[in-house]
Amino acid sequence: MYKKQLTLQKILCFLALASSVVIFLYALGIMTDLYDTLYSTMRNPADLTQTDVPGSIVYYNMQPWNAYFLHWSIGMILLACLLFITNTHIRRRYYIGNYIAVGAFAVANFYLAFESHGYIEAFKERFLRVDFAALKAHSELWKTAYTESTFWFDIHYAIFAFSILVSLALIACTVWKIRLMKEEKKLITEGRKATA
């Protein structure tokens, strides 16, 4: 039973790192379409009211949140690395450091997913209020990119669902580990009593 659990905990630690890297890449990519389509519409970045396309200010409004999101995603990578630093991926018995690493990763992951969901949905709604007829005219005139796609907003459902599943699986694996450790301790105690 321990062998299966050890294999699972190793896989989950690597999946935790992978989900954190995916979140980091998402934080880098979420502004891609917005930059390509909306940045050039602002005539004067010093005065954001001067725009060729009503609603394009959403690109500038997203930047502070995106910087915050990027910092959190780097933090998630560091917390995933903490799983490896505490040997959570290979340790047969867990110690306090392993529980802290799993707990910190899971709590931070839940917080980031739920908080970011609200912001992403709010920014998506503001993006959909952009005057797309004016944006299309601007892109044809200046030969810039044009898109009405909300792909970068919508993909967060899959990304955060994956990261939450990994966190839940890490917690379940830790509970399984605790049970195995208790059973092992019980067997050792019974074995000592039988030999005495």
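Biologist: Which residues does Lys124 touch, not counting residues up to four places away in sequence?

Modeller: This is a predicted model: local features need pLDDT of at least 70 and side-chain atom pairs count only at pLDDT 80 or more, while totals for chains, interfaces and linings use all residues. Residues are numbered from 1 along each chain as its sequence is written, and side-chain values use heavy atoms, with hydrogens and water left out. Contact means heavy atoms within 4.5 Å. With sequence neighbours up to four places away set aside, Lys124 touches Thr150, Phe153 and Asp154.

Biologist: Is Lys124 buried or exposed?

Modeller: Buried means under 20% relative accessible area, exposed over 50%, and partly exposed in between (1.4 Å probe, protein chains only). Lys124 has a relative accessibility of 18%, so this residue counts as buried.

Biologist: How many residues apart are Asp154 and Lys124, the pair that links distant parts of the chain?

Modeller: Side chains of opposite charge can pair when their charged atoms come close. A salt bridge is a side-chain nitrogen of Lys or Arg within 4 Å of a carboxyl oxygen of Asp or Glu, and Asp154 forms one with Lys124, their closest N and O atoms being 2.7 Å apart. Asp154 sits in helix α6 and Lys124 in helix α4, and the distance along the chain is 30 residues. Helices here (H or I, at least four residues) are DSSP runs, numbered from the N terminus.

Biologist: How far apart in sequence are the parts that Glu184 and Arg93 tie together?

Modeller: Glu184 and Arg93 form a salt bridge, with the closest N and O atoms 3.3 Å apart. Glu184 lies in helix α7 and Arg93 in the loop between α3 and α4, so the parts tied together are apart in sequence by 91 residues.

Biologist: Which element gives the largest share of the largest nonpolar core?

Modeller: A nonpolar core is a set of buried Ala, Val, Leu, Ile, Met, Phe, Trp, Tyr and Cys residues joined through side-chain atoms within 4.5 Å. The largest one has 42 residues, and Leu34, Leu38, Met62, Phe69 and Val130 touch the most other members. The largest share, 10 residues, comes from α3.

Biologist: What arc do the buried residues of α5 cover around the axis?

Modeller: In α5, the buried residues are Phe132, Ala134, Leu135, His138 and Ser139. They lie on the same side of α5 because their arc around the axis is only 155°. That arc is taken from the directions from the helix axis to the C-beta atoms, and its value is 155°.

Technical notes:
Helix = DSSP H or I, 4+ residues; strand = E, 2+ residues; numbered from the N terminus.
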